[in-house]
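Please look at the sequence and the three-dimensional structure shown here. The paragraphs that follow lead through selected features, one at a time.

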Amino acid sequence: MPAAPPAVSPGLPRRIRVGYGLGSLCTGTFATVPGLILLYYLTDVLAVPPAVAGAAVFLPKAWDVLINPLVGALCDRSRLPGGGRRAFLLIGACTLPPLFALIFAAPPLRGGAAAGYVAVLFLLAATAYAVFQVPYVTMPAEMTEDPHERGRVLGWRVGFLGVAILLSGAVAPAIAHADGDTPASYRLMGAVVAVLLAAGMFGAWAATRGAPEAARSRAEPSLRAQLAAARSHRPFLHLAGMWTLQALAIGVMLAGVQYFATYTLGSATAVTWLFVCLIGPLALFMPLWNRLARRKGVRYAQWCASLLYTAGAAVLGLTPAAGPAAGYASVVLVGIAYAGLQLLPLTMLADTLAADAARTGVRRAATFTGLWTAAETLAFALGAGVFALVLAVTGFRSSDAAHHVSQPDAALTGITAGMSVLPALLGAASLWLLHRYREPATESPKEEPARAE
């Protein structure tokens, strides 16, 4: 009598796949809005010197490197009702939105006092974000062991990520500049973005109720132990290093786009159109990157996206000579590449983690995703700090909303170089690590690039 075929595990309910993706309304928004607006808010609305403003933006996010491993360890040991991971989602949802709104609800302070206020609130918000983000990024590897099903879950995550980046990146600057860069307009912007954060966070928490736990991964209890595990896995090291450099390049560009709009293109409101050019291609070109990855391999597609990003950033430096049209066209090229950079590294990471589990028999997804998110968050924060350093070195003059000042030629040159040449150099450096990366071999089915179904 022939043996019965192996049982096929049912796919996750669509409610859980879509509901999990809703969490990216938080991760995409919190990764975008502070990087896009906060440095400019400090230097051009609250009259904070560039170096001090850079520290106020960078140091609270650098805290994530220390807090992420702690949150991961607490999640692993949690016996809170409602599921250990989901309970932390709820804690983050209750704390991050009001803290974010308070960042931009500063009392009438200027200079160093304003920087101190913003830094403290941003530190608290970064902690609340870590409480949500660390368990959130671990959940797909634990909800299903089927790589194709995991790809569908990641597809919804990436899809909502694009929506969040486009929506928050276009709406937040528009609200902030609607009343002439006044503190009141920034307060309104902070409240509106807080509502978007809450919608994504509470939505993900509610919709993932009843999600299965097919496998449980555990993070190493300390940053030192996590780094030791990473050092033993060269593919992960090269992949994480590549993405860290690319995230740093994106962080520098995000921090510079408002200055580029105001001082290179001559209009603060031009930031909305620049951001539409940057993020608009996300929905249109992400399926094309997906198709290229399926036909030629994810690593090949990542090469194409990385090279296009580097080239687009370099050409952006010609804007002062070639005119605004060249600047917008260059940002479109960067946006096409950015669509791939949002999708492909996550797919490569999922493949790498699956291969590691097959090779070692140990599930280390929580460890590696904790390091991945810490490096990504640190890179985005460092991007703002690096751009602030460029402003300080080139003599940028801070001002408040009521008294804008003219900038020296060196500062204008620094803004253009910081927005273009520096990201291009970082993108070029990431290519070396991509060259060193070797796709993992595993007997498990190769995970498809993420797609929403």
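Ala47 has a relative accessibility of 25%. Because partly exposed residues are those between 20% and 50%, Ala47 counts as partly exposed. The structure discussed here is a predicted model, and every value in this text is to be read in that light. Ala47 is found in the loop that lies between α2, residues 24-44, and α3, residues 50-62. Its backbone also deserves attention: phi of Ala47 is near 55 degrees, which is a positive value in a residue other than glycine. Most residues other than glycine have a negative phi.

The helix that precedes this loop, α2, also takes part in a packing arrangement. Helices α2 and α8 pack at an angle of about 165 degrees, and their axes are 9 Å apart. Angles over 145 degrees count as roughly antiparallel, so α2 is roughly antiparallel to α8. The crossing in which α2 passes α8 is left-handed.

Helix α8 leads to a feature of the surface. Which residues form the nonpolar patch on the surface? They are Val163, Leu167, Val171, Leu188 and Val192, and together they have about 380 Å² of accessible area. Two elements, α7 (147-177) and α8 (183-207), each give two or more residues to the patch. Helix α7 gives the most, with three residues. One member of the patch, Leu167, is located in helix α7. Leu167 has a relative accessible area of 40% and is therefore partly exposed.

A second pair of helices may be set beside the pair described above. Helix α10, residues 234-264, packs with helix α13, residues 298-316, at an angle of about 30 degrees, with the axes 12 Å apart. What does this angle say about their directions? Since angles under 35 degrees count as roughly parallel, α10 and α13 are roughly parallel to each other. Here, α10 passes α13 in a left-handed crossing.

The last feature concerns residues distant in sequence. Val386 belongs to helix α16, which covers residues 365-393. With a relative accessible area of 24%, Val386 is partly exposed. Where the chain is followed from Gly54 to Val386, the two residues are 332 residues apart, yet their C-alpha atoms are separated by 7.5 Å.

Definitions and conventions
Residues numbered from 1 in each chain as written. Predicted model: local features only at pLDDT ≥ 70, side-chain atom pairs only at ≥ 80, totals over all residues. Heavy atoms only, no water. Patch = residues over 30% accessible without salt bridge, like charges linked within 9 Å, V, L, I, M, F, W, Y side chains within 5 Å. Areas by Shrake-Rupley, 256 points an atom, 1.4 Å probe, with all protein chains shown as cover. Salt bridge = Lys/Arg side-chain N within 4 Å of Asp/Glu carboxyl O. Helix = DSSP H or I, 4+ residues; strand = E, 2+ residues; numbered from the N terminus. Buried < 20%, exposed > 50% of the residue type's maximum accessible area, 1.4 Å probe, protein only. Axes fitted to C-alpha atoms, helices over the stretch in contact; angles between N-to-C directions. Parallel < 35°, antiparallel > 145°, perpendicular 65-115°, else oblique. Left-handed = near helix turned anticlockwise from the far one by under 90°.
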